Amino acid sequence: MSNTETRPPELTCGGESEAERPADVEVLTPRDVPLGGPRAMRVRRTLPQRARSLIGAWCFADHYGPDDVTGTGGMNVAPHPHTGLQTVSWLFSGEIEHRDSLGSHAYVRPGELNLMTGGHGISHSEVSTPGTTLLHGVQLWVALPGEHRDTERDFQHCVPERIPVDGGEVRVFLGSLAGDTSPVRTFTPLLGAELSVAPGAEMTLGLDPAFEHGVLVDAGDVLTEGTAVRPAELGYIAPGRTSLTLTNRGTGPARLVLLGGPPFGEEIVMWWNFIGRSHDDIVRARDDWMNGTRFGEVHGYDGDPLPAPELPNVPLKPRGRAR
C-alpha cells in the first residue's frame, strides 16, 4: 500500500535508552488518512506518529475497514515505488490483487501473508477485486537495516496455520510465537501474528524479553496487561516482559495483531514511500521514480503510475526516535 499523502511528513527515528522507555502499556491513538482521491478509502494510521515511530523494525501500520466498498470502488492504488523496506499485507476480509515490477501477480486473501521486499527499489499496484464487498485488514511496513537496505527485490507468500492456545488461537505470519515459526524470511528478528481471544477469556503468551511489542486491536473489549486498548488503538509494551496477558471482556470474539522486534538501533528518514538514511537518499529515489529508472514497470494495471509529491523546501534530516 502506498502512503498517498500529498504532503508526507519527514519521519526519522533512532534508538532510545532503557530509562526513557515507559514501564506500562502506552496507548497510541490512530489518525485518519485518505488513501487517495475524493472517494478514497480512509485508513487509521498508528505508526508512525510523534509519540512513537518504530516498534522493532515495524515502521508503518495502517488499519482499515470493515468498509462496504460496493459504492466507493474500494482500493485502487496505482503503481508506486518503495525503497529500503518490506511491505506486509494481511487481510481479515475481502481480496486485493497485487502486481509488482518483479513480475509477481498475486492475491491478498484473509489469513494469507504477502510480503514484498523493496530493497534498492520496486514498484507495485494494489486493487480490490470486483467480487469484494467488504474490505478489512492491515498494511504494515518493516524498515530494512542499513546492510540490507539495497537488497534485491523479492516477493513471498505464506498461509500460516491456526494454532490453538488457552483462551483462543493465534496465526503467526512472521517470527515465532506459541511454539509456531513462520518460514518467511526477514532481515531483522520480527514477530507478527493475528490473535483471536474468545468471549470472556484470558490469553497469556510467552514473549521474547529482548523485543518491544505492539498490540493493535481490531475488534473487541480488550485489556492488554490490565490496560484498556480500544479498537484501532495500539498498545506499546517496552522490552523486558516475558509474557503478555490479554483479556476479552466482551461477549464476542476479540481480534488483535501482535507486532514485535528488538529496538531498531539505526536512524532512518521515511518520506512518502521511501526509507533512506539521508536527505540525498530520498532525493535520488524520488528522481529515479520520476525519471522512470530503478523501480521497473508494473504490467497489467490499467492506469498511470502515481507521481511523487514535491519535496519540502528544507532538507530532510535524521533525528532521534520520536516519543
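**Packing of helix α1 and the setting of E97**

The buried residues of α1 pack against four strands: β6 (76–82), β11 (122–128), β26 (268–271) and β27 (274–276). The model is a predicted one. Five residues of the helix are buried, namely D281, I282, A285, R286 and W289. They lie on the same side of α1, because the arc they cover around the axis is only 125°.

Helix α1 runs over residues 279–291 and has 13 residues. From its first C-alpha to its last, α1 reaches 18 Å. That is close to the expected 18 Å, at 1.5 Å a residue. Just after α1 comes G292, which takes a positive phi of about 80°.

A second site centres on E97. This residue is placed in strand β8, which comprises residues 96–100. The relative accessibility of E97 is 18%. Buried means under 20%, so E97 counts as buried.

The surroundings of E97 were examined beyond its neighbours within four places in sequence. There, E97 is in contact with H105, A106 and Y107. Contacts of E97 also include S125, E126, V127 and T129. One of the contacting residues, H105, has a side chain joined to that of E97 by a polar contact of 2.6 Å. V108 lies eleven residues from E97 in sequence. The C-alpha atoms of E97 and V108 are 6.4 Å apart in space.

Definitions and conventions:
Residues are numbered from 1 along each chain as its sequence is written. This is a predicted model: local features need pLDDT of at least 70, side-chain atom pairs count only at pLDDT 80 or more; totals for chains, interfaces and linings use all residues. Side-chain values use heavy atoms; hydrogens and water are left out. Helices (H or I, at least four residues) and strands (E, at least two) are DSSP runs, numbered from the N terminus. Buried means under 20% relative accessible area, exposed over 50%, partly exposed in between (1.4 Å probe, protein chains only). Contact means heavy atoms within 4.5 Å. A polar contact is a pair of N or O atoms within 3.5 Å; within protein, one must be able to donate a hydrogen and the other to accept it, and residues adjacent in sequence count only if both atoms are side-chain atoms. The expected span of a helix is 1.5 Å times one less than its number of residues. The arc is that of the directions from the helix axis to the C-beta atoms.
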